[in-house]
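Please open the structure in the viewer and keep the selection tool at hand. The stops below are arranged as a sequence of selections, each followed by an account of what is found there.

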Amino acid sequence: MNNPNSRPIRLGRISYTNAWPVFHHFDPGRLSFPTEIHSDLPATLNRKLRTGDIDMAAISSYAYGVSADAYYLLPNLSVSAFGRVQSILLFLKSPLEQVLRGRIALTTASATSVNLLKIIMEKFYGGKPTYEDAEPALEQMLEHADAALLIGDHAIRASWTNHGYRVLDLGEVWNVWTGHWMTFALWGVHKETALRCPEAIGEIYESLIASKRESKRNVEPIVDKALRQIGGTADYWRGYFGNLCHDFGPEQKAGLRLYFQYAKELGLIDGEPDIAELPLPDLLDNLSNRR
């Protein structure tokens, strides 16, 4: 079956390893509808989805909070952790007491992590540091800063280096202070696209869920890919992927609502957005009836 709309669906794919389990077995060539893959950093996908350059994507949770009225969330898909996440890391050159009043260099790759850091620094620890954007290179970031935030594969590689810095895992800090899950990324689709192409969105969603399920059943292909592309050890990657959760159930939603509440209290977002999931049964019924 061909999409009655001539333009392919444009799907944004996070290039970081934390999203690999959802995308690894996803093959757009097996879909009934033309689908283009746009791989990029979370911040770039956030912007492209907001401007309409792509139709659906894995995006930062914060980006959803800012533009929630325009998107549906794909059910039961996220990048979440209950405690250590191992790839959202604050490297401290100075003692924490100095960092709280000092300067922190920020990666610009993910809005969720940057604002999570601000919640931790200002709400949990009562600090008021100065933040500055920087390219994700640890030593250069710390030349003129007391601490540096790295995420994704940059954070993982830096954590393997014997640099002597104290390292805070922001997923672990969040969990210690709140007792909740932290959700870093979500899968969003423009409401207009979902209404215009429900069959295509339903089929893409089913394929993403199938990829997630297969990755959970057997993580070894993703471990092998990480070893080839990034390095490390098989045990490290098994532990890393084992710490991540790609579901989005009541516990993950509760943690995300608390994150939005704290972000609002600090003036980082205007309100506390609703978590509006795609009306999937209607879409899948439509998909089945059209086949």
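Begin by selecting Phe 124, Tyr 125, Trp 174, Trp 177, Tyr 259, Phe 260 and Tyr 262, which together form one aromatic cluster. The model is a predicted one, and a search of the whole of it finds 16 aromatic pairs.

**Helices H5 and H13**

Next, display helix H5 (residues 111–124) and helix H13 (residues 250–265), whose axes come within 10 Å and cross at roughly 65°. The two helices are therefore roughly perpendicular to each other, and H5 passes H13 in a left-handed crossing. To view the contact, select Ala 111, Thr 112, Asn 115, Leu 116, Ile 119, Lys 123 and Phe 124 on the H5 side, and Tyr 259, Tyr 262, Ala 263 and Glu 265 on the H13 side. Sorted by class, this contact has seven nonpolar, two polar and two charged residues. Phe 124, Tyr 259 and Tyr 262 are among the contact residues, and they also belong to the aromatic cluster selected at the start.

**The approach to H5**

Move to Ala 109, placed in the loop between strand S6 (103–106) and H5. Is Ala 109 buried or exposed? Its relative accessibility is 5%, so Ala 109 counts as buried. Residues up to four places away in sequence aside, Ala 109 touches Tyr 16, Leu 41, Pro 42, Ala 43 and Ile 151. A distance label drawn from Ala 109 to Glu 135 should read 9.1 Å, C-alpha to C-alpha, for two residues that are 26 apart in sequence.

**Helix H2**

One of the residues touched by Ala 109 is Pro 42, and this leads to helix H2 (residues 42–51), where the buried residues are Pro 42, Thr 44, Leu 45, Asn 46 and Leu 49. An α-helix has 3.6 residues a turn, so residues three or four places apart point the same way. Just after H2, select Gly 52, which takes a positive phi of about 85°.

**Aromatic pairs at H12**

Now select Trp 160 and Tyr 236. A pair of aromatic rings is described by the distance of the centres and the angle of the planes. Here the ring centres are 5.2 Å apart and the planes lie at 85°, so the pair is edge-to-face. The pair links distant parts of the chain: Trp 160 sits in the loop between helix H7 (152–159) and strand S9 (166–169), while Tyr 236 is in helix H12 (residues 234–243), 76 residues apart. Trp 160 is partly exposed at 34% relative accessible area, whereas Tyr 236 is buried at 17%.

Add Trp 237 to the selection. Tyr 236 and Trp 237 form an aromatic pair that is also edge-to-face, with 5.1 Å centre to centre and 90° between the planes. Trp 237 has 0% relative accessibility and so counts as buried.

**Helices H11 and H12**

For the last stop, show helix H11 (residues 220–229) beside H12. At what angle do H11 and H12 pack? The angle is about 125°, with the axes of H11 and H12 9 Å apart; H11 and H12 are therefore oblique to each other. H11 passes H12 in a right-handed crossing. Select Glu 220, Ile 222, Val 223, Ala 226 and Leu 227 in H11, which meet Ala 234, Trp 237, Arg 238 and Phe 241 in H12. By class, the contact of H11 with H12 has seven nonpolar, no polar and two charged residues.

Definitions and conventions
Residues are numbered from 1 along each chain as its sequence is written. This is a predicted model: local features need pLDDT of at least 70, side-chain atom pairs count only at pLDDT 80 or more; totals for chains, interfaces and linings use all residues. Side-chain values use heavy atoms; hydrogens and water are left out. Axes are lines fitted to C-alpha atoms, for helices over the stretch in contact, and angles run from 0 to 180 degrees between N-to-C directions. Helices (H or I, at least four residues) and strands (E, at least two) are DSSP runs, numbered from the N terminus. Angles under 35 degrees count as roughly parallel, over 145 as roughly antiparallel, 65 to 115 as roughly perpendicular and the rest as oblique. A crossing is left-handed if the near helix is turned anticlockwise from the far one by less than a right angle, and right-handed if clockwise. Contact means heavy atoms within 4.5 Å. Ala, Val, Leu, Ile, Met, Phe, Trp, Tyr, Cys and Pro count as nonpolar, Asp, Glu, Lys and Arg as charged, and the others, Gly among them, as polar. Rings of Phe, Tyr and Trp (its six-membered ring) pair if their centres lie within 6.5 Å; planes under 30 degrees apart count as stacked, over 60 as edge-to-face and the rest as tilted. Buried means under 20% relative accessible area, exposed over 50%, partly exposed in between (1.4 Å probe, protein chains only).
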